[in-house]
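Let's take a walk through one protein chain and look at some of its odd angles, charged pairs and open space. Keep the picture in view as you read.

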Amino acid sequence: MGKKQKYYVVWDGHHPGVYKTWEECKLQTKNYPQAKYKSFPNQATAEEAFNMGFYEFQKLNKLHKLKSKLPQEVERNSICVDAASSGNPGKMEYRGVDTQTQKQLFHKGPFDQATNNIGEFLALVHGLAFLHQQKSSRAIYSDSRIAIGWVKKKHCKTKLKKTARNAEVFELIKRAEDWLKTHQYSTKILKWETKIWGEIPADFGRK
């Protein structure tokens with residue numbers, strides 16, 4: 001079977017609109033600060049979302065997600081973290097949400113010239129520190145095996161080079177690594193199984 005046709009909405013980019021290919025969408029969002037875009041399974045839903053506007057779509061999408069039941073296997077007493085990057089490297093941001101209510105607990109960025117893997121690592125450490133400060137027994141979900149591995153080794157093994165533009169990101173990395181080396185935590189770090197459960201609740205909705 002051939003790959004199903006997707007449609008791409010660009011709400012905020014060089015030329016907003018509905019596009020039929022990822023290549024066209026990428027042209028409209030590349031090097032555009034905080035571009036807002038998302039893929040849809042068919043043209044009708046894409047055009048409806050585009051006409052609705054980004055923020056109205058986000059509100060509707062959030063309500064839909066809140067009504068949706070979490071998979072039975074997911075631990076309810078938990079938080080989820082995720083990151084998004086427009087480019088590799090590019091502008092990166094990350095956040096953490098309550099798994100069940102999807103209430104945002106923290107959000108950082110956007111930061112210049114960073115990668116998604118760095119964002120996933122920082123999000124996970126931020127989540128661990130957040131739960132530690134709250135003295136919470138909740139677990140934490142991440143959909144990034146790389147970030148989970150980096151956290152276990154207490155080291156962000158990025159190949160990204162430090163520059164004047166991303167110096168703040170590297171300072172955050174150092175602080176995160178220092179926190180891991182100086183704090184004991186019992187928080188369960190769990191892998192979010194995207195292929196089985198769908199996107200993690202902290203997802204930024206830009207795929």
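Gln-34 sits in the loop between H1 and S3, in what is a predicted model. Its backbone does something a bit unusual: Gln-34 has a positive phi of about 55°, even though it is not a glycine. Most residues other than glycine have a negative phi, and most peptide bonds are trans. As for its surroundings, Gln-34 is partly exposed, with a relative accessible area of 43%.

Gln-113 pulls the same kind of trick, with a positive phi of about 50° although it isn't a glycine either. You'll find Gln-113 in strand S6, and at 23% relative accessibility it counts as partly exposed.

Now for the peptide bonds. Going from Asn-88 to Pro-89, the bond is cis, with omega near 5°. Pro-89 belongs to the loop between S4 and S5. Another cis bond joins Gly-109 and Pro-110, where omega is about 10°; Pro-110 lies in strand S6.

**Charged pairs**

Side chains of opposite charge can pair when their charged atoms come close. How many salt bridges does the count come to? It comes to five. Here are some of them, with the N to O distance.

| Pair | N to O distance |
|---|---|
| Lys-36 and Asp-12 | 3.9 Å |
| Asp-112 and Lys-91 | 2.6 Å |
| Lys-174 and Asp-178 | 3.0 Å |

Start with Lys-36, which forms a salt bridge with Asp-12. This pair links distant parts of the chain: Lys-36 is in strand S3 (residues 36-40) and Asp-12 in strand S1 (residues 7-12), 24 residues apart. Is Lys-36 buried or exposed? With a relative accessible area of 15%, Lys-36 falls under the 20% cut-off, so it is buried. Asp-12, at 24%, is partly exposed.

Next come Asp-112 and Lys-91, whose side chains meet in a salt bridge. Asp-112 lies in strand S6 (residues 104-114) and Lys-91 in strand S5 (residues 90-98), so the pair ties together parts that are 21 residues apart in sequence. Both ends count as partly exposed: Asp-112 has 29% relative accessibility, and Lys-91 has 26%.

The pair Lys-174 and Asp-178 stays within one helix, H6 (residues 167-182). Because the two are four residues apart there, they are separated by about one helical turn. Lys-174 is partly exposed, with a relative accessible area of 46%, and Asp-178 is partly exposed too, at 32%.

**The largest pocket**

Rolling a probe the size of a water molecule over the atoms shows where empty space is left. In this model, the largest pocket holds about 770 Å³ of space. Its lining is made up of 34 residues, and Tyr-37, Ser-85, Ser-86, Gly-87 and Lys-91 lie nearest the centre. You've met Lys-91 already, as the salt-bridge partner of Asp-112.

Which element gives the most to the lining of the largest pocket? That would be S4, with six residues. Helix H1 (22-29), strand S4 (78-87), S5, S6 and helix H4 (116-134) each supply at least two residues. The lining also draws at least three residues from each of domain 1 (7-68) and domain 2 (78-191). Sorted by chemistry, the lining residues divide into 11 nonpolar, 11 polar and 12 charged.

**Two buried residues**

Cys-80 has its place in strand S4. At 0% relative accessibility, Cys-80 counts as buried. Setting aside neighbours within four places in sequence, Cys-80 is in contact with several residues, including Arg-95, Gly-96, Val-97, Tyr-141, Trp-192 and Ile-200. Here's a nice example of folding bringing things together: Cys-80 and Ser-142 are 62 residues apart along the chain, yet their C-alpha atoms are separated by 6.1 Å.

Thr-29 is found in helix H1, and at 6% relative accessibility it counts as buried. Leaving out neighbours within four places in sequence, the contacts of Thr-29 are Val-10, His-14, Ala-35 and Tyr-37. Look again at Tyr-37 in the picture: it is among the residues nearest the centre of the largest pocket.

Note on methods: Residues are numbered from 1 along each chain as its sequence is written. This is a predicted model: local features need pLDDT of at least 70, side-chain atom pairs count only at pLDDT 80 or more; totals for chains, interfaces and linings use all residues. Side-chain values use heavy atoms; hydrogens and water are left out. A salt bridge is a side-chain nitrogen of Lys or Arg within 4 Å of a carboxyl oxygen of Asp or Glu. Buried means under 20% relative accessible area, exposed over 50%, partly exposed in between (1.4 Å probe, protein chains only). On a 1 Å grid over the protein atoms alone, a cavity is a set of points where a 1.4 Å probe fits but cannot get out, and a pocket is an open set with protein on both sides within 12 Å along at least five of seven lines; lining residues have an atom within 4 Å of a point. Grid points are joined across faces, edges and corners, and a volume is the space filled by probe spheres set on the points. Ala, Val, Leu, Ile, Met, Phe, Trp, Tyr, Cys and Pro count as nonpolar, Asp, Glu, Lys and Arg as charged, and the others, Gly among them, as polar. Domain bounds come from an automatic or database domain assignment. Contact means heavy atoms within 4.5 Å.
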